[in-house]
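Hello,

Here is the structure I promised to pass on. Please open it first, then read my notes below with the model beside you.

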Amino acid sequence: MSESVPEAMNLSPAKKRGLLADMLQKKAGRVRQVPASFAQKRLWFVDQLEPGNPCYNIPTHIWLRGDLDAIALQRTFNEIVRRHESLRTSFAMFAGEPFQVIAPKLELSMPVADLCHLSAEEKLDEVRRQIAEAAAESFDLGRLPLLRVKLLRLDHLEHVLIVVMQHIISDGWSIGVLIQEMAALYESFSTQQSPVMPQLPIQYADFSQWQRDWLKGEVLENQLAYWKEKIERAPVLELPTDYPRPATPSHRGAGHALAIPNPLTEALREMAKREGVTLYILLLAAFKVLLHRWTGEEDIILGTPVAGRSREETEKLIGLFVNMLALRTGVSRDLSFRELLRRVRDTAIEGYAHQDIPFETLVEQLHVDRDLSRHPIFQVVFILQNTPMPPVQTPGLTICPPEFSGLTSDFADAANRTSRFDMEIHLWEKPDGLSGTLVYNRDLFAPATIKRLAAAYLRLLEGVVADPEGAIGRLE
């Protein structure tokens, strides 16, 4: 835990004494043990059922263009590991409960693969292969590190950095935090300066302890009451699959690239503004129409992530904060798209107001029937990343996240060889329009089906822009 925990965490005297003991342990350079957060607890038990399953890996690839100092880059990552306890955390069971085991220090290696001798086409093929291989390599939650980095050298002015973190110590927001710190620290190390970064106000272990202290009693009951009313007896969304659903999923996944051209993206933004909703709500409503038309179901429930960082102190941390909300909407053929927009908007607003209860706690407390062949409550997930990190310029080097590499469609499948759900749609906003990936379970769907589904979504978006008052059943 950090040496200065904000008052916002409202620590009790007993917790403050525990904090002092942790500080003394840290100064003594000893391993510390802290109860896992609710989300970490679920991932720990999932891993006990399926040890080493890579579907909870978070892979990303960062393009580095310019004169790279590889030694400075490795120093950068070791400084990030020093700053964030979550990256020095493994897990162990004590008295029947999973605990975070936080090491006082960790030196991270960064192997380098030289691809300079390959042709341009061979290089891209090898980058795809290496990304897929890194994403599929499992972690042992009981051993450090739960983070891997590898550098691919394409030529003296272009590199690809592959970063894979186990979800139990990270989330999508954390990738942005990592890239921001990477840019600032690399600039210091590559110019022979001492890095100057603000001290983190708390560590992930502080958050997990606060979460346990806060989410109980009346707070827990109020949150549970809302979700019980909303999702109890929710129907299972039966997607028309190409193959029979296996009793035990293999989590074999694939990705299909999706691009929404800029003219259509601008029309959607204008429509969202006129209707008094966000672009996210409009895209989500259209996707629910797609699921309704595809399945014939009139009660559509799907999952959507929220950052789970409601406290300012957590915004700059690497760790598992993301939470999943189950959004349920009634859809019928005679309903206008405009009316559906209002329903989806109201449901989302209510869900955000009750987002603090971890999805894992919800499943446990509501005694949801478990079916090992599918994810509980919802099987389809919708994600819009509306604050993607653009390329970052440092002296002599451009750090380019994958969304801005210009090669997103080429690498959609390589980075999505696993799937935790039947289907996920990931979208992100860019200056030239919306782009994204349809991730799907290969046990259930053929690539041709997903390709048709992506095309149908684009046609639906064009249809709702042209006629928002039209009945959903008449949309092409």
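**Confidence first**

The mean pLDDT of the protein chain is 88, and 91% of its residues reach 70 or more. Keep in mind that this is a predicted model. Be wary of residues 1-8, where pLDDT stays under 50. The model has 30 contacts beyond four places in sequence for that stretch.

**The six-stranded sheet**

Start with the open sheet of 6 strands. The order is S5-S6-S7-S2-S13-S12, and the pairing is mixed. Strand S5 (112-114) and strand S12 (392-394) stand at the edges. Each has a single partner strand, so one side of each is left without a neighbour in the sheet. On average, neighbouring strands here are turned by 20° against each other, direction ignored.

Look next at S2 (residues 57-66) and S7 (residues 158-166). They run antiparallel and are joined by 9 bridges. A useful landmark in this pair is His61, which stands opposite Ile162 in S7.

Two helices lie across this sheet. Helix H3 (residues 70-83) lies across S2, strand S6 (147-155) and S7. H3 runs at about 165° to S6. Helix H4 (residues 120-136) lies across S2, S5, S6 and S7. For H4, the angle to S6 is about 175°.

**The three-stranded sheet**

There is also an open sheet of 3 strands, in the order S1-S4-S3, with antiparallel pairing. Strand S1 (32-35) and strand S3 (89-94) are at the edges. Each has a single partner strand, so one side of each lacks a neighbour in the sheet. The twist averages 35° from one strand to the next.

S1 and strand S4 (residues 97-102) pair over 4 bridges, in the antiparallel sense. Val34 stands opposite Gln100 in S4. Arg32 has Ile102 of S4 as its bridge partner.

On the other side of the pairing, 6 bridges join S3 to S4, and these two strands run antiparallel. Phe94 has Glu97 in S4 as its bridge partner. The hairpin of S3 and S4 has 2 residues between the strands. In that hairpin, Ala95 takes a positive phi near 50°.

How much of S4 is buried? The strand is mostly covered, with 5 of its 6 residues buried.

**The nonpolar cores**

Which residues touch the most other members of the largest nonpolar core? They are Leu283, Phe287, Phe337, Phe382 and Tyr457, out of 75 residues in that core. Helix H9 (residues 279-295) gives the largest share, 12 residues.

Tyr457 is worth a click. Leaving aside its neighbours within four places in sequence, Tyr457 is in contact with Leu258, Leu283, Ala286, Phe287, Leu290, Phe382, Ile425 and Leu427. Apart from this core lies another, of 65 residues. Its members include Leu43, Ala72, Phe77 and Tyr186.

As background, nonpolar side chains tend to be buried together in soluble globular proteins.

**A buried loop residue and a covered helix**

Now go to the loop between H3 and S3, where you will find Ser86. Is Ser86 buried or exposed? Ser86 is buried, with a relative accessible area of 5%. Not counting residues up to four places away in sequence, Ser86 touches Ile169, Tyr204, Ile318 and Gly319.

One of those contacts, Tyr204, leads to helix H6 (residues 204-214). In H6, 8 of the 11 residues are buried, so the helix is largely enclosed by the rest of the structure. The buried ones are Tyr204, Ala205, Asp206, Phe207, Ser208, Gln209, Trp210 and Gln211.

**Cysteines**

How many disulfides are there? The count comes to 0, taking a disulfide as a pair of cysteine sulfur atoms within 2.5 Å. Take Cys116 as a case. The closest cysteine sulfur to its own is in Cys400, 19 Å away, which is too far for a bond. Cys116 counts as partly exposed, at 29% relative accessibility. Cys55 counts as buried, because its relative accessibility is 4% and the cut-off for buried is under 20%.

Best wishes

How values were computed
Residues numbered from 1 in each chain as written. Predicted model: local features only at pLDDT ≥ 70, side-chain atom pairs only at ≥ 80, totals over all residues. Heavy atoms only, no water. Pairing = 2+ DSSP bridges. Axes fitted to C-alpha atoms, helices over the stretch in contact; angles between N-to-C directions. Contact = heavy atoms within 4.5 Å. Core = buried A, V, L, I, M, F, W, Y, C linked by side-chain atoms within 4.5 Å. Buried < 20%, exposed > 50% of the residue type's maximum accessible area, 1.4 Å probe, protein only. pLDDT = per-residue confidence, 0-100.
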